[in-house]
Amino acid sequence: MALLIGAALLVAQLVNFALILNERQKLSLAQNQGPAITRYAAVASDLHQAPAEFRFAVLEDASRRGARFEVGRESAVAEDAGRDAAIEARLTQTLSGNGVPAPEVRAQIRGEPLDGTRRARGGRGAGGPVLLLSARYGEQWLNGRLLTPRPDPWLTHRLGAATLALYLIVLGATLFVAMRLARPLRDLARAAEGFAGRGTPEAVAPRGPADLRRAIEAFNAMNDRVVALLDEKDRMLGAIGHDLRTPLASLRIRAESMEPETERRRIAATIDEMTAMLEDILVLARSGRDREEARAMDVTALVDALVEEFRELGEDVEMEEGARQVLTIRPNLLRRAVRNLIENAVKYGGAARLDVRSADGKVRIEVRDRGPGIPETRVDDVLQPFARIEESRNRETGGSGLGLAIAKAAAESHGGTLQLRNAAEGGLIAALVLPA
């Protein structure tokens, strides 16, 4: 906005400067040449009215104070010289107004000064350009050489300074108004980008014009409504989880006394699957509004502890040596995300290799497997809840479709991302990328 306003004002001021300078130069020329033309017309009028024996005296008396007049058979301005049509038109008009017939006039501006002592008496006009005026009456020409005032050498500088001052004043006032609008809008945009349904939204202080203040107040009110809806959702999910766990536990107890044993095992497995799926759904739904307190913790140690848990269960899980990476995290939420990635790697790839390292201001927790990977067209799809590459509804082969979604939500709640890519040598690499 500042660049656009500045450029527009600059162009406008340059055009305005050029127009004013042109007009002021014309006005200056007119003011400098006007007295000389009037003086020449007055001498021509006196000469026209004077008797023949007094004409020489009229010319002698007029030829002083930076002017020289003489009568001759030739014009002082050649016909093909650099004549000034505008001055000739003004001279014709002035002569006509003084009652002097002039069938032909000529005018020219030269930079040469007058000769002799008369130039020295020229006063403030000494050293200025010479205006040559010539008017024919009868067979003779009245030639006049008149010294005009020197043009103002500081005209361009003064106009430039005035134009620059006006430009800076207008630009400063415009930028002040623009910043008064931009700052509240920037705060509003930052608050909107920072609130993703997690934690307490930032309240934006209303400021700026009335319309902008109303927009900010409406945004704050909308945030409050969104938070209230999310809190209500959490309470509802907690109630659903509590209400469903109770009948599931009752069914499990009843199933223990059922016969035959094969049916009992099937029912118990189904109840366990429903319980696990319910737990995944509740974790996913609450991950964005996790109430766990964030604290500084060694992420490398956390991942190493998870690796040891899986190794104690006999799983092929290993971790590469790495430096300590201390981040401010929600340990339980991040632990659940890494556990999901390890479980996927073991289930679909047979093994998991973990690596924690720092690069470019980010901490990457990578989990690599030796499985078939994911088709490139499905990489984004598997991050959605209940999306599975294996289309069966069997939890043992296809899972609930919530593991990666939970890991993604956990990464985003820490201000990071979950990245999936197929390794060149085979297998899938799942990386939690967190800000350092």
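Which residue caps the N-terminal end of α3? Asp84 does, with a side-chain oxygen 3.1 Å from the backbone nitrogen of Ala86.

Here is a friendly tour of the chain. This is a predicted model, in which local features need pLDDT of at least 70 and side-chain atom pairs count only at pLDDT 80 or more, while totals for chains, interfaces and linings use all residues. Residues are numbered from 1 along each chain as its sequence is written, and side-chain values use heavy atoms, with hydrogens and water left out.

**The chain as a whole**

- The chain has 11 helices and 11 strands; helices (H or I, at least four residues) and strands (E, at least two) are DSSP runs numbered from the N terminus.
- Of its 436 residues, 37% count as buried; buried means under 20% relative accessible area, exposed over 50%, and partly exposed in between, with a 1.4 Å probe and protein chains only.
- Contacts, meaning heavy atoms within 4.5 Å, often span the sequence: among those between residues at least 6 apart, 66% join residues at least 24 apart.
- The average pLDDT (the predictor's confidence in each residue, from 0 to 100) is 80, and 86% of the residues score at least 70.
- Residues 116-126 deserve a note: pLDDT stays under 50 there, and the model has 18 contacts for them beyond four places in sequence.

**Helix α3**

- Helix α3 covers residues 85-97, and its 13 residues reach 18 Å from first C-alpha to last, close to the 18 Å expected at 1.5 Å a residue; the expected span is 1.5 Å times one less than the number of residues.
- Ile87, Glu88, Leu91 and Leu95 are the buried residues of α3.
- These residues cover an arc of only 100 degrees around the axis, which puts them on the same side of α3; the arc is that of the directions from the helix axis to the C-beta atoms.
- On the face turned away from that buried side, α3 carries the exposed residues Ala85, Ala86, Gln93, Ser96 and Gly97.
- Just after α3, Gly99 has a positive phi of about 75 degrees.

**Helix α8**

- For the 14 residues of α8 (residues 299-312), a span of 20 Å is expected at 1.5 Å a residue, and the end C-alpha atoms are indeed 20 Å apart.
- Buried in α8 are Val299, Thr300, Leu302, Val303, Leu306, Val307 and Phe310.
- Viewed down the axis of α8, these buried residues fall within an arc of 165 degrees, so they line one face of the helix.
- Their packing partners are β5 (295-298), β6 (317-319), β7 (326-329), α9 (331-349), β8 (352-359) and β9 (362-368).
- At the start of α8, a side-chain oxygen of Asp298 comes within 3.1 Å of the backbone nitrogen of Thr300.
- Gly314, just after α8, takes a positive phi of about 85 degrees.

**Helices α1 and α5**

- Helix α5 (residues 155-194) has 40 residues and reaches 56 Å from its first C-alpha to its last, close to the 58 Å expected at 1.5 Å a residue.
- Its buried residues include Leu155, Thr163, Tyr167 and Leu171.
- Gln13 sits in helix α1 and is buried, with a relative accessible area of 12%.
- Not counting residues up to four places away in sequence, Gln13 touches Thr163, Leu166 and Tyr167.

**The aromatic pair**

- A search of the whole structure finds 1 aromatic pair; rings of Phe, Tyr and Trp (its six-membered ring) pair if their centres lie within 6.5 Å, and planes under 30 degrees apart count as stacked, over 60 as edge-to-face and the rest as tilted.
- The rings of Tyr40 and Phe69 have centres 6.1 Å apart and planes at 35 degrees, so the pair is tilted.
- Tyr40 lies in helix α1 (residues 2-49) and Phe69 in strand β1 (residues 67-72), 29 residues apart, so the pair links distant parts of the chain.- Both Tyr40 and Phe69 are buried.

**Glu366 and Asp360**

- Glu366 is in strand β9 and is buried, with a relative accessible area of 6%.
- Leaving aside neighbours within four places in sequence, Glu366 is in contact with residues including Arg353, Asp355, Arg357 and Arg421.
- The side chains of Glu366 and Arg357 are joined by a polar contact of 3.0 Å; a polar contact is a pair of N or O atoms within 3.5 Å, where within protein one must be able to donate a hydrogen and the other to accept it, and residues adjacent in sequence count only if both atoms are side-chain atoms.
- Asp360 is in the loop between β8 and β9 and counts as exposed at 79% relative accessibility.
- Although Asp360 is not a glycine, it has a positive phi of about 55 degrees.
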